[in-house]
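Trainee: Could you take a single part of this model and go through it closely? I would like a connected account rather than a list.

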Amino acid sequence: MATVEIKPQFLMTDAGRRLAVAALAIIGLIVLFWDAGQNLWQRWGGQQELSHSYFIPLISAWLVWTNRKAVADSIGAPSWVGVILLAIAGAMTLVGKLTFIYLFQHLAMVVAIAGLVAGIGGVSLLRVTAVPVAFLFFAVPPPFWVITILSWKFQEVSSILGVAMIRMMDIPVFLSGNIIDLGDYKLQVAEACSGLRYLFPFLSLGVMTAYLYKGPLWQRAAIVLSTIPITIFMNSFRIAVTGALVQA
């Protein structure tokens, strides 16, 4: 007696299952972090020091795209590491909601993305995409008190160096706090002129450059660390030029 084999009309492949799980997980994360995402968007638009953050996710996606072959080759079996990272992200989100501290929720968003990567493509995929995923931390706004302290420190250092540069031009100048006294004119190095708005984008740019640079680790570290003195020097130079033009 002949048997008839009935084949299913639709059989989802392993890639299809992963895409379906990834789509459901992304929808779940959007719902979970909807409030935190809105706060993040408001911080980016409300503070000039953070206006560059809109580009961070795009740059991160571009870094993945440029390395897409290695990313595709690294996809392995789903890992429990992803589940652990997602659990940590959930705990951080809960703490953030209970304490009304959005920093925990913002950090949890990046941890959740790392967990999603490991949960879908395994630790091998997370290892290859570690830098682009970690780069997303630059989109997380620091606490307001950190920005306040850094701004004050940058104002102080920029004022001192700016006055030193003005004196090198043989222009009489006196510094009182953040007030640059040029005699007939007085310039105030306000909070907006502290140079902090340049530090955050320069720092993220330095990290991206170090990632793309093919060289020893110490050279990559030097690239990242050099962004801080470069930012301070350029801001002080801008202040000095302004003072010189006022006296011209």
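Mentor: Helices here are DSSP runs of H or I with at least four residues, numbered from the N terminus. The model is a predicted one. The part to look at is α5, which takes in residues 80-99.

Start with its length. Helix α5 has 20 residues, and at 1.5 Å a residue these should span 28 Å. The C-alpha atoms at its two ends lie 29 Å apart, so the expected and computed spans agree.

Next, the ends. Where α5 begins, Ser79 places a side-chain oxygen within 3.0 Å of the backbone nitrogen of Val81. At the other end, Phe100 comes just after α5 and has a positive phi of about 60°.

Now the sides. Six positions of α5 are listed as buried, which here requires under 20% relative accessible area: Gly82, Leu85, Ala89, Met92, Thr93 and Gly96. Around the axis they cover an arc of only 105°, and therefore they sit on the same side of α5. On the face turned away from that buried side are Trp80, Ile84, Leu94 and Leu98, which are exposed.

For a buried residue elsewhere, take Thr231 in helix α10, residues 217-247. Thr231 counts as buried because its relative accessibility is 1%. A polar atom of the Thr231 side chain lies 2.6 Å from the backbone oxygen of Thr227. Leaving aside residues up to four places away in sequence, Thr231 touches Phe154, Gly195, Tyr198, Leu199 and Phe202.

Definitions and conventions:
Residues are numbered from 1 along each chain as its sequence is written. This is a predicted model: local features need pLDDT of at least 70, side-chain atom pairs count only at pLDDT 80 or more; totals for chains, interfaces and linings use all residues. Side-chain values use heavy atoms; hydrogens and water are left out. Buried means under 20% relative accessible area, exposed over 50%, partly exposed in between (1.4 Å probe, protein chains only). A polar contact is a pair of N or O atoms within 3.5 Å; within protein, one must be able to donate a hydrogen and the other to accept it, and residues adjacent in sequence count only if both atoms are side-chain atoms. Contact means heavy atoms within 4.5 Å. The expected span of a helix is 1.5 Å times one less than its number of residues. The arc is that of the directions from the helix axis to the C-beta atoms.
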